[in-house]
Amino acid sequence: MGRSFANLHIKSGDLEKTLQALQELTGKHGKVLGYPETPERKAVIYVSQSNEGWISVLHDYFVWGTVKKAGRTLSALLQEPVMTVAYMNEEIFELSFFEQGEIQAERIFCEPWTREDYEQLREERIADEYIQRVLGMQAEEENFGGFISLTSPEQAVERLSEITGMSLWSDAEWLPYEETLRARFVTYEW
């Protein structure tokens, strides 16, 4: 078993609007964050505005499989593109994009034998032009082609971190142990 993480990112510079949507997500759609209909405690979400174009979100419930549900719901509340990333056991890197509550594009980066091992491992919707547009890579088609053809999950995470200008190597579980990560994220409770 290798390292795993999951997080989501909103393509927006409007932190206040994002915080309002996150508060609505926890209050009205807490199920996608693993909360019962009547939560016993306040929701804790970690938010970082690493650069002017993206706002990052961490939550304890985000893992491969759950982060997409939260991203889909949040994109409907925000009307902004939401990117979810899930990295599992150093074998799979799943990159999904949502807008207006619907999946717009997805890419799964892994070695060919990993796809064979996980028989149901398929992209929900391949729309590379959407990914290219949201990432702002229109003028760099050759670089984009190199990115989407990667089969190494680690290399794909590194390359996407460069493209977006923020480190994707983050998980709520790591916050107590990584000082640089704690310094980037602000804790919100609703």
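Start by selecting strands β5 and β6, residues 102-109 for the latter: in this predicted model the two pair in the antiparallel sense, over seven bridges. To see one of the pairings up close, pick phenylalanine 98 and look across to isoleucine 103, its bridge partner in β6. Then follow the chain around the hairpin that links β5 and β6, where two residues sit between the strands. Glutamine 100 is worth a click here, with a positive phi near 55°.

Now turn to the other neighbour of β5. Select β4, residues 82-88, and you will find seven bridges joining it to β5, again with an antiparallel run. Alanine 86 is a handy marker, since its bridge partner in β5 is glutamate 94. These two strands also make a hairpin, this time with three residues between them. Asparagine 89, in that turn, has a positive phi of about 50°.

Stay with β5 for a moment and colour residues 92-99 by accessibility. Is this strand largely enclosed or open? Seven of its eight residues are buried, so the rest of the structure largely encloses β5.

Next, bring up the largest nonpolar core, which has 34 residues. Show Met83, Phe93, Leu95, Phe97, Leu135, Phe147 and Leu160 as sticks; these have the most contacts inside the core. Elements giving two or more residues to it include β4, β5 and β6, along with helices α4 (128-134) and α5 (141-148). Be sure to highlight α6 too, as this helix gives the most, with four residues.

For a single residue to centre on, choose methionine 83. Leaving aside residues up to four places away in sequence, methionine 83 touches Leu95, Ser96 and Phe97, among others. Its contacts also include Asn7, Leu8, His9 and Trp54, and, further along the chain, Leu135, Leu160, Thr164, Met166 and Leu168.

One of those contacts leads on to the following stop. A second, separate core has 22 residues, including Leu8, Ala6, Leu22 and Val47.

Finish at the largest pocket, which holds about 190 Å³ of space. Which residues lie nearest its centre? Select Ser4, Phe62, Val63, Asp171 and Glu173 to see them, out of the 14 residues in the lining. Two elements, β1 (5-11) and β4, give two or more residues to this lining, so you can keep β4 displayed from earlier. Colour the lining by character and you get nine nonpolar residues, two polar and three charged.

How values were computed:
Residues numbered from 1 in each chain as written. Predicted model: local features only at pLDDT ≥ 70, side-chain atom pairs only at ≥ 80, totals over all residues. Heavy atoms only, no water. Buried < 20%, exposed > 50% of the residue type's maximum accessible area, 1.4 Å probe, protein only. Pairing = 2+ DSSP bridges. Core = buried A, V, L, I, M, F, W, Y, C linked by side-chain atoms within 4.5 Å. Contact = heavy atoms within 4.5 Å. 1 Å grid on protein atoms, 1.4 Å probe; cavity = no way out; pocket = protein on both sides within 12 Å on 5 of 7 lines; lining within 4 Å. Points joined across faces, edges and corners; volume = space filled by probe spheres on them. Nonpolar A, V, L, I, M, F, W, Y, C, P; charged D, E, K, R; others polar.
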